[in-house]
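Open the model in your viewer and keep the selection tool at hand. Each stop gives you something to select and tells you what is there.

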Amino acid sequence: MGDRNDPPKGPMTENADVPDHAYVDGKRALKAAELIEKLSKNPDRPFFLAVGMVRPHLPFSAPKKYWDLYNRNDFTMPRNTGIPPGYPIHAANLTAPEMSKYSDFEGNGPKDFSDETNLRLLHGYAAATSYVDSCVGKVLEALENSGLAENTIVVLWGDHGWHLGDLSIWTKHTNFEQANRIPIIIVAPGLAKPGSVTSQLAETVDIFPTLSELAGLPASKGPQPIDGVSLVPVLKNPNARVRDHAFHAYPRGKKLGRAIRTQRYRLVEW
């Protein structure tokens, strides 16, 4: 399957015995390290550097050494492979169209995947996660070696979560916890205590006003409304609260799914 804008692809996994920089994330980590070294030549000049990593996203391509960190026999699939009674079928992502472009896609969707395919995907996800962790480490190591770390704000976040075969759902495109819970890690030297954690709910739209305040910039006034709130009070005190819920939406066909997450509950409405 596929079309001109999203052509057919190869297999969903690959474990070539190659160095890290043979894949795109390794190349980006090296380039980021080079740029940081150049930036360190003028340490008083402010800079913004965005480093986008693809993994752990399909395809789960990572050097063989990261696959070798795991034993496939140690992985197990979720026991519940069926959707609950009364569950609206359009709320799930049972056909995984994002996966259907790949050459080793089986049947009509994840519910038809063989045990071998499911375990290979779990193995690949873990390998890809370890690979990107190493790539991020190379960037942070370059920052430390440059002497800029003590005066540089660092934000690590992901754009979505990932279903790993639960209820026969793979990939994302749902309004459930697995697809919408993401990592957000902020390093703010001199402000946030290293290693501190918070249960404050956050949305990705909060990152912009947070960075603006940390950089000493005035709050944006538009031209369009800013939905996010600054998380700086929470960086100063992990027990502080700036919002009591997080909201998101994902449509399927003509139906709009919306969800609100509070500290204790998630409400999904279609």
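The tour starts with the whole chain and then moves through selected residues.

**The whole chain**

Bear in mind that this is a predicted model. Show the chain as a cartoon. It has six helices and nine strands. The C-alpha trace spans about 55 × 45 × 40 Å along its principal axes. Switch on the surface. The accessible surface comes to about 16300 Å², and 55% of it belongs to carbon and sulfur atoms. Of the 270 residues in the chain, 36% are buried. Now think about contacts between residues at least 6 apart in sequence. Of these, 67% join residues at least 24 apart.

**Stop 1: Asp25**

Select Asp25, in helix H1, which covers residues 24-39. What is the nearest side chain of opposite charge to Asp25? It is Arg28, 4.2 Å away. Why is that not a salt bridge? A salt bridge needs a side-chain nitrogen of Lys or Arg within 4 Å of a carboxyl oxygen of Asp or Glu. Asp25 is thus buried yet has no salt bridge.

Next, show the backbone of Val54. The side chain of Asp25 reaches the backbone nitrogen of Val54 at 2.7 Å. Widen the selection to the surroundings. Beyond its neighbours within four places in sequence, Asp25 is in contact with Gly52, Met53, Val54 and Arg55. Its contacts also include Tyr131, Val132 and Cys135.

**Stop 2: two cis peptide bonds**

Arg55, one of the contacts of Asp25, leads to the next selection. Select Arg55 and Pro56. A cis peptide bond joins them, with omega about 5°. Pro56 sits in the loop between H1 and strand S2 (60-61). Move on to Leu58 and Pro59. Their peptide bond is cis too, with omega near -10°. Pro59 is in the loop between H1 and S2.

**Stop 3: salt bridges**

The structure holds 13 salt bridges. Side chains of opposite charge can pair when their charged atoms come close. Take a few of them in turn.

- Select Asp20 and Lys65. Their side chains meet in a salt bridge, 3.4 Å from N to O. The pair links distant parts of the chain, 45 residues apart. Asp20 is in the loop between strand S1 (13-14) and H1, while Lys65 is in helix H2 (residues 64-67). Asp20 is buried at 8% relative accessibility, whereas Lys65 is partly exposed at 48%.
- Select Lys172 and Glu98. The closest N and O atoms of this salt bridge are 2.8 Å apart. Lys172 lies in the loop between strand S5 (170-171) and helix H4 (177-180), and Glu98 in the loop between H2 and helix H3 (115-146). They are 74 residues apart in sequence. Lys172 is buried at 13% relative accessibility. Glu98 is buried as well, at 18%.
- Select Glu269 and Arg258. Here the closest N and O atoms of the salt bridge are 2.5 Å apart. Glu269 lies in strand S9 (residues 266-269) and Arg258 in strand S8 (residues 255-261), so the pair ties together parts 11 residues apart in sequence. Glu269 is partly exposed at 41% relative accessibility, and Arg258 is partly exposed at 37%.
- Select Arg72, Asp104, Glu116 and Arg120 together. Salt bridges link these residues in a network.

**Stop 4: positive phi**

Select Ser168, in the loop between strand S4 (163-164) and S5. Phi of Ser168 is positive, about 65°, although the residue is not a glycine. Is Ser168 buried or exposed? It is buried, with a relative accessible area of 11%. Then select His173, in the loop between S5 and H4. This residue is not a glycine either, and its phi is positive, near 60°.

**Stop 5: a nonpolar patch**

Return to the surface view. Select Leu156, Ile185 and Val187. They form a nonpolar patch on the surface, with about 240 Å² of accessible area together. Ile185 lies in strand S6 (residues 184-187). It is partly exposed, at 46% relative accessibility.

**Last stop: Ala246**

Finish on Ala246, in strand S7 (residues 246-252). Ala246 is buried, with a relative accessible area of 10%. Leaving aside neighbours within four places in sequence, its contacts are Leu201, Ala202, Glu203, Ala259, Ile260 and Arg261. Now draw a distance to Thr129. The two C-alpha atoms are separated by 26 Å, and the residues are 117 apart along the chain.

Conventions:
Residues numbered from 1 in each chain as written. Predicted model: local features only at pLDDT ≥ 70, side-chain atom pairs only at ≥ 80, totals over all residues. Heavy atoms only, no water. Helix = DSSP H or I, 4+ residues; strand = E, 2+ residues; numbered from the N terminus. Buried < 20%, exposed > 50% of the residue type's maximum accessible area, 1.4 Å probe, protein only. Lys, Arg positive; Asp, Glu negative; His and termini not counted. Polar contact = N/O pair within 3.5 Å; in protein donor to acceptor, adjacent residues only side chain to side chain. Contact = heavy atoms within 4.5 Å. Patch = residues over 30% accessible without salt bridge, like charges linked within 9 Å, V, L, I, M, F, W, Y side chains within 5 Å. Areas by Shrake-Rupley, 256 points an atom, 1.4 Å probe, with all protein chains shown as cover.
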